[in-house]
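This report describes selected local features of one protein chain. It considers a pocket and its surroundings, then backbone and side-chain details elsewhere in the chain.

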Amino acid sequence: MSDYVLVTTTTDSVDEAQQLAMSAVEARLAACAQVSAPITSTYWWEGVVEASTEYRIDFKTTADQAERLGQHLRATHSYDVPEVIYVPILGGNPAYLAWISKETAQP
């Protein structure tokens, strides 16, 4: 498994996206969180195909912090079943990866 993880979620408001990003970074569960411009999501929900505007938030964290970040997102998210997906980071700029480790280290 990779030492670093990209954790992704979506939400239906830019305000909530920014709040989720800020709360995770302030808690040092992620070194960085990026809110993407509106996207259109199409999905099944309660037996009906839905389409909605959402904002994607990508969090960079360590493998050690990924599950804690996931728990934080599930606990603070407004959706009943929020998307919380972990994608291993297979490599990257060594200095950037070291920065992720430094910024997510718990005091």
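In which loop does E46 lie? In this predicted model, E46 lies in the loop between β3 and β4, the latter spanning residues 48–62. E46 is not a glycine, yet its phi is positive, at about 50 degrees. Its relative accessible area is 68%, so E46 is exposed.

A positive phi of about 60 degrees also occurs at R28, again not a glycine. R28 is placed in the loop between α1 and β2, where β2 covers residues 32–35. With 34% relative accessibility, R28 counts as partly exposed.

## The largest pocket

The largest pocket holds about 280 Å³ of space. Its lining consists of T10, S41, Y43, W44, W45, E54, Y79, D80, V81, P82 and E83. By character, these lining residues divide into six nonpolar, two polar and three charged. Strand β3, residues 39–45, gives the most to the lining, with four residues.

Two of the lining residues, T10 and Y79, can be followed in further detail. T10 belongs to strand β1, which runs over residues 4–11. Its relative accessibility is 5%, and since buried means under 20%, T10 counts as buried. The side chain of T10 makes a polar contact with the side chain of E54 at 3.3 Å. Beyond residues up to four places away in sequence, T10 touches I39, E54, Y55, R56, H77, Y79 and E83.

Y79 is situated in the loop between α2 (63–76) and β5 (85–89). Its relative accessible area of 23% makes Y79 partly exposed. The side chain of Y79 also makes a polar contact with the side chain of E54, at 2.7 Å. Apart from neighbours within four places in sequence, Y79 is in contact with T10, T11, D12 and E54. Thus E54, itself a lining residue, has side-chain polar contacts with both T10 and Y79. Y79 and R56, by comparison, are 23 residues apart in sequence, and their C-alpha atoms are 14 Å apart in space.

## T9 and S13

T9 is likewise found in strand β1. With a relative accessible area of 0%, T9 is buried. A polar atom of its side chain lies 2.5 Å from the backbone oxygen of E83. Not counting residues up to four places away in sequence, T9 touches Y55, R56, I57, F59, L73, H77, P82, E83 and V84. Of these, Y55, R56, H77 and E83 are also touched by T10.

S13 is found in the loop between β1 and α1, the helix of residues 14–26. S13 has 26% relative accessibility and therefore counts as partly exposed. A polar atom of the S13 side chain lies 2.9 Å from the backbone nitrogen of E16. S13 and R56 are 43 residues apart in sequence, with a C-alpha to C-alpha distance of 9.9 Å.

The side-chain polar distances described above are collected here.

| Side chain | Partner | Distance |
|---|---|---|
| T10 | E54 side chain | 3.3 Å |
| Y79 | E54 side chain | 2.7 Å |
| T9 | E83 backbone oxygen | 2.5 Å |
| S13 | E16 backbone nitrogen | 2.9 Å |

## The aromatic pair in helix α3

How many aromatic pairs does the count come to? The count comes to one aromatic pair. Y96 and W99 form this pair, with ring centres 5.3 Å apart and 40 degrees between the planes, an arrangement classed as tilted. The angle falls in the tilted class because planes under 30 degrees apart count as stacked and those over 60 as edge-to-face. Both residues lie in helix α3, residues 94–104, three residues apart, about one turn of the helix.

Are the two partners buried, partly exposed or exposed? Y96 has a relative accessible area of 32% and is partly exposed; W99, at 31%, is partly exposed as well. Leaving aside neighbours within four places in sequence, Y96 is in contact with C32 and K60. Y96 and T40 are 56 residues apart in sequence, and their C-alpha atoms are 30 Å apart in space.

Conventions:
Residues are numbered from 1 along each chain as its sequence is written. This is a predicted model: local features need pLDDT of at least 70, side-chain atom pairs count only at pLDDT 80 or more; totals for chains, interfaces and linings use all residues. Side-chain values use heavy atoms; hydrogens and water are left out. Helices (H or I, at least four residues) and strands (E, at least two) are DSSP runs, numbered from the N terminus. Buried means under 20% relative accessible area, exposed over 50%, partly exposed in between (1.4 Å probe, protein chains only). A polar contact is a pair of N or O atoms within 3.5 Å; within protein, one must be able to donate a hydrogen and the other to accept it, and residues adjacent in sequence count only if both atoms are side-chain atoms. Contact means heavy atoms within 4.5 Å. Rings of Phe, Tyr and Trp (its six-membered ring) pair if their centres lie within 6.5 Å; planes under 30 degrees apart count as stacked, over 60 as edge-to-face and the rest as tilted. On a 1 Å grid over the protein atoms alone, a cavity is a set of points where a 1.4 Å probe fits but cannot get out, and a pocket is an open set with protein on both sides within 12 Å along at least five of seven lines; lining residues have an atom within 4 Å of a point. Grid points are joined across faces, edges and corners, and a volume is the space filled by probe spheres set on the points. Ala, Val, Leu, Ile, Met, Phe, Trp, Tyr, Cys and Pro count as nonpolar, Asp, Glu, Lys and Arg as charged, and the others, Gly among them, as polar.
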